[in-house]
Amino acid sequence: MPALRPLLLALGLAVGATAFAQAPAAAPLPTVWDLKPIFASEGDWDAARKALVAELPQLQALKGTLGRSPAAFRAGLERLSRAAQAWEKVQVYAYLQQSTDNRNATYQERGNLVAALGGQYAAATAWLEPEIQQIGAAKVQGFIKAEPTLKVHAERLRNILRRQAHTLSAETEAAIAALAPIRAATAQVRTLLVDADMRWPELQIDGKTEKVDDTRYGLLRQHPERAVREQVFKAFFGALGQYENSFGATLANTVQDGTVMAGLRKHKSAVAASLDGEEIPEAVSRTLVAEVHNGLPTLHRYFKLRQKMLGLPDLAYHDIYPALVKQSKSYSLEEAARLTVEATKPLGADYQRLLQGALSAGTMHALPAEGKSGGAYQWGVYGKTPYVFLNHQNDFESVSTFAHEWGHGIHTALVNEGQPYETANYATFVAEIASTANELLLSQHMQRQAQSKEEKLYQLGYALERLRSTFFRQAMFGEFELMTHDAAAKGEALSGKRFTEMYCGLLKQYHGHEQGVMKIDPAYCSEWAFIPHFYRPFYVYQYATSITAALHFAERVQADPSGAAAKVFLDTLRLGSTVPPYAALKRAGLDMASPAPYRTLVAKMNAIMDEMETLLAQP
């Protein structure tokens, strides 16, 4: 999962670390994080929250003062920046706590307090963008020339001025901002339903009672026995399906929210509004969808190879996840750390320094627990070691997730070392490249280290599945989001049943149901309810673009022992928010609006399958 980002604030937020200890990672690694670097105690957190509440009227009082002089402009922006950093700390601390145990009533209450404060904070600063737009570009540029310290705000100011056509009046912006906690509530309802309230089924598997919840499902679906996998899928999706109406209501609200907001801000669609936020050309999204559809024959080739290698008479949806070659090896958290360090050595000494220091800092919450959120993420506050949230389960998937999340973490560290707070934020479009590149470097490292034909086939199969799941699957999710938002824009009724019908059509198209490649059981078409990213609309397509870009960089880094390619890659990550993400990649030699990068990825999948088939033909 991607690094979670704070709510969009007037001056933007940054996450992560600036400096770490340089000692190598210790063994065993800490598995429960220490939040004291953020706040020494819960009392300190509450005091900071109350201080920020008290500060809000002063932030509101800045309205109308920024245009008076260059000095007033600088003083106002600096005060807002300090408040943004204070809000970041309060928000992150509460979120990190709650995600470790969603059952804890105190943590829930803190989360609610933060949600309310987020709305109050946004309302108190909602006047900023309209006021800067009213001041105008010429006067803003004059202020920056007169006050050179304002240069740290220059890119943010450019973006504010660029968005003038989509910015409403200060009063309207304040009203929308005040509604932020209510608008975000459906995602929280979904989280509590899945992680706290649902009663997940239990199955007897390999002589043990297994709870088939959203954390264990990811591991159990890889079971080598087909009958067990089918049992797991039917239990898991049966549980989701019982709540189809509830999940449908929460997701429909999210879709309607995005559609209404796009209309209010005079965007032609919700997806256009999303792309405009990070200045991503619409050609990127359109090219991705076109190239994914062109690549479906390669995806279907992979499914046929999977069926052959698993020795199955046919292929079903519950046959996607088991390894193509059995591997019983277990990977401890320490082994995951060691492999990640080794795999990222081509990225150079600075990367290693930051990674090894961070691993010893005690900022991971690593193991599954009752009430803990599923998945993985990275988050933190400026000037501190980033926090990484995992559900490590000792399989290779967990090793890859470890590498992924620490890719986010060290991206954060690189940006924070090179940028002031005001430009230390970074776009999702680039964030997922940093994390996915780590996964690809790990995969390449494991392929080189393979000691047998079977081990090599396992790693090649894993690499192939990673490309399948991150490129094709995430693009499918993106298409689902387009369909749901298009339906809302047309005034069509949305419900859990309607979402299931839409999703089922895409499942069948992508997986070759009509072509006889894979049978899709209608019972599994409730999978949309399992995907939390749908509550952050138009996020998931960036996984597909990111693995495409990450493959471009990873292959060049591996092929260039001089370190020049690694420098280009890391310098791109260090840019933070000083350059728009699409432009930053184009500067590094990668045009994500052109078909070439996507075709390279599909060709890579075919090359992996060629290699696997050659190995399979050997005695």
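These are legends for several close-up views of one predicted model. Residues are numbered from 1 along each chain as its sequence is written, and side-chain values use heavy atoms, with hydrogens and water left out. Since the model is predicted, local features need pLDDT of at least 70 and side-chain atom pairs count only at pLDDT 80 or more, while totals for chains, interfaces and linings use all residues.

**View 1. The hairpin of β1 and β2, with a positive phi between the strands.**
Helices and strands here are DSSP runs (H or I, at least four residues, for helices; E, at least two, for strands), numbered from the N terminus. Strands β1 and β2 run antiparallel and are joined by 4 bridges; two strands pair if DSSP finds at least two bridges between them. Glutamate 202 has lysine 211 in β2 as its bridge partner, and glutamine 204 sits opposite threonine 209 in β2. In a regular strand the side chains alternate between the two faces of the sheet. That is what β1 does: Leu203 and Ile205 point to one face and are buried, while Glu202 and Gln204 point to the other and are not. Buried means under 20% relative accessible area, exposed means over 50%, and partly exposed is in between (1.4 Å probe, protein chains only). The hairpin has 2 residues between its strands. Aspartate 206, in the loop between β1 (202–205) and β2 (208–211), has a phi near 55 degrees. Most residues other than glycine have a negative phi. Aspartate 206 counts as exposed because its relative accessibility is 58%.

**View 2. A three-stranded open sheet with a helix on it.**
The strand order is β3-β5-β4, with mixed pairing. Strands β3 (364–365) and β4 (377–379) are the edges, each pairing on one side only. Helix α2 (residues 70–100) packs on the sheet and touches β3, β4 and β5; contact means heavy atoms within 4.5 Å. The direction of α2 makes about 155 degrees with that of β4. Axes are lines fitted to C-alpha atoms, for helices over the stretch in contact, and angles run from 0 to 180 degrees between N-to-C directions. Strands β4 and β5 run antiparallel, with 3 bridges joining them, and tryptophan 379 stands opposite tyrosine 387 in β5. Asparagine 394 is in the loop between β5 (387–389) and α18 (396–418). Asparagine 394 also has a positive phi, about 70 degrees, although it is not a glycine. With a relative accessible area of 36%, asparagine 394 is partly exposed.

**View 3. The largest nonpolar core, seen around tyrosine 317.**
A nonpolar core is a set of buried Ala, Val, Leu, Ile, Met, Phe, Trp, Tyr and Cys residues joined through side-chain atoms within 4.5 Å. The largest one has 144 residues, and Tyr317, Phe402, Trp406, Phe471, Phe480, Trp528 and Met612 touch the most other members. Helix α20 (residues 453–489) gives the most to this core, with 15 residues. Leaving out residues up to four places away in sequence, tyrosine 317 has contacts that include Phe233, Arg473, Tyr503, Met518 and Glu527. Another core, of 43 residues, lies apart from this one, with Leu59, Val92, Ala94 and Leu128 among its members.

**View 4. The disulfide of cysteine 504 and cysteine 525.**
A disulfide is a pair of cysteine sulfur atoms within 2.5 Å, and by this rule the count comes to 1. The S to S distance between cysteine 504 and cysteine 525 is 2.1 Å, and their link is right-handed, with 45 degrees about the S-S bond. Cysteine 504 lies in helix α21 (residues 496–510) and cysteine 525 in the loop between α21 and α22 (541–559), so the pair ties together parts that are 21 residues apart in sequence. Cysteine 504 counts as buried at 11% relative accessibility, and cysteine 525 counts as buried at 0%.

**View 5. Helices α5 and α6, side by side in a roughly antiparallel pair.**
The axes of α5 (residues 137–146) and α6 (residues 154–162) come within 11 Å and cross at roughly 175 degrees. The two helices are therefore roughly antiparallel to each other; angles under 35 degrees count as roughly parallel, over 145 as roughly antiparallel, 65 to 115 as roughly perpendicular and the rest as oblique. At the interface, Ala137, Val140 and Ile144 in α5 meet Ala154, Leu157 and Leu161 in α6.
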